[in-house]
Amino acid sequence: MQVHQLDKKIIIKGKIIAETGLMIGSNNAAMDIGGTDKQVIRNPINSIPYIPGSSLKGKMRSQFEISRGQVGEKGGPSQNPRHESARLFGHINTNEEKKQQPSRLIVRDGEMTNTDVFSNTELLYTEVKAENTINRITAEANPRFFERVPAGAAFEMNMALNIFKSDEDGDKLLDYVYEALQLVQDDYLGGGGSRGNGQISFKIEKVIERYPSYYQNLPDSEKDITAAVPAALKA
């Protein structure tokens, strides 16, 4: 049985900027009649919009797999342990051994940080975007209204990458993360990407390597590697 031993944790912090309106929807069970057709997800305590870590991580994985031709069966995530995407994002091996590997990457929820800029918008911190669908037979318009976070909104970016001594490509996992982030920048996040929503950019401000000795409160236990961030992702 292989025993995993932590080699280091890499902490990635920065900002996620909405370059166009951002539409990551929530459950509309409480939507009022005549209100928006789709609402953004918010913190239920303070009503501040946020980007779920699951949404960002899922987009990173799908773009990375498409780029490398590593899409799994029926269009799902790859479960092939030889694929870089499976080694970074985790996999479940469904053969007789039924081995699985948890994700090496942790992507945390990112709450909007510049709420003061959007305190006087149509809805609190958000706007309403009107869209029309046209019946091609009757030419009748069917207006729809979507809530979205306006362009210029900034969100916290906080990720942690676990690298183990047993990882054959441990020195490359961070490069895979940077690759996935750049792919998302050139695609979109959330809904309505083909209609102008969801263009984002990443501004990485700090990348720190922390060794196991850091958690034992020993000196010289971390290293700043921010200088190696690709230019396309630098703050």
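Modeller: A charge sits over a ring if NZ of Lys or CZ of Arg is within 6 Å of the ring centre and within 35 degrees of the ring normal. This is a predicted model, where local features need pLDDT of at least 70 and side-chain atom pairs count only at pLDDT 80 or more, while totals for chains, interfaces and linings use all residues. Residues are numbered from 1 along each chain as its sequence is written, and side-chain values use heavy atoms, leaving out hydrogens and water.

Biologist: OK, so which ring does Arg 195 lie over?

Modeller: Arg 195 lies over the face of Phe 146, 5.9 Å from the ring centre. Lys 59 does the like with Tyr 188, at 4.0 Å from that ring's centre.

Biologist: And how many aromatic pairs are there?

Modeller: The structure has 3. Rings of Phe, Tyr and Trp (its six-membered ring) pair if their centres lie within 6.5 Å; planes under 30 degrees apart are stacked, over 60 edge-to-face, the rest tilted. Phe 64 and Tyr 176 have ring centres 5.7 Å apart and planes at 50°, so they're tilted. That pair links distant parts of the chain, 112 residues apart.

Biologist: Is Phe 64 buried or exposed?

Modeller: Phe 64 is buried, at 0% relative accessibility (buried is under 20% relative accessible area, exposed over 50%, partly exposed in between, with a 1.4 Å probe and protein chains only). Tyr 176 is buried too, at 7%. Along with Phe 89, those two form one aromatic cluster.

Biologist: What about Tyr 214 and Tyr 215?

Modeller: Their centres are 4.9 Å apart with planes at 80°, so that pair is edge-to-face. Tyr 214 is partly exposed at 29%, and so is Tyr 215 at 43%.

Methods:
Helix = DSSP H or I, 4+ residues; strand = E, 2+ residues; numbered from the N terminus.
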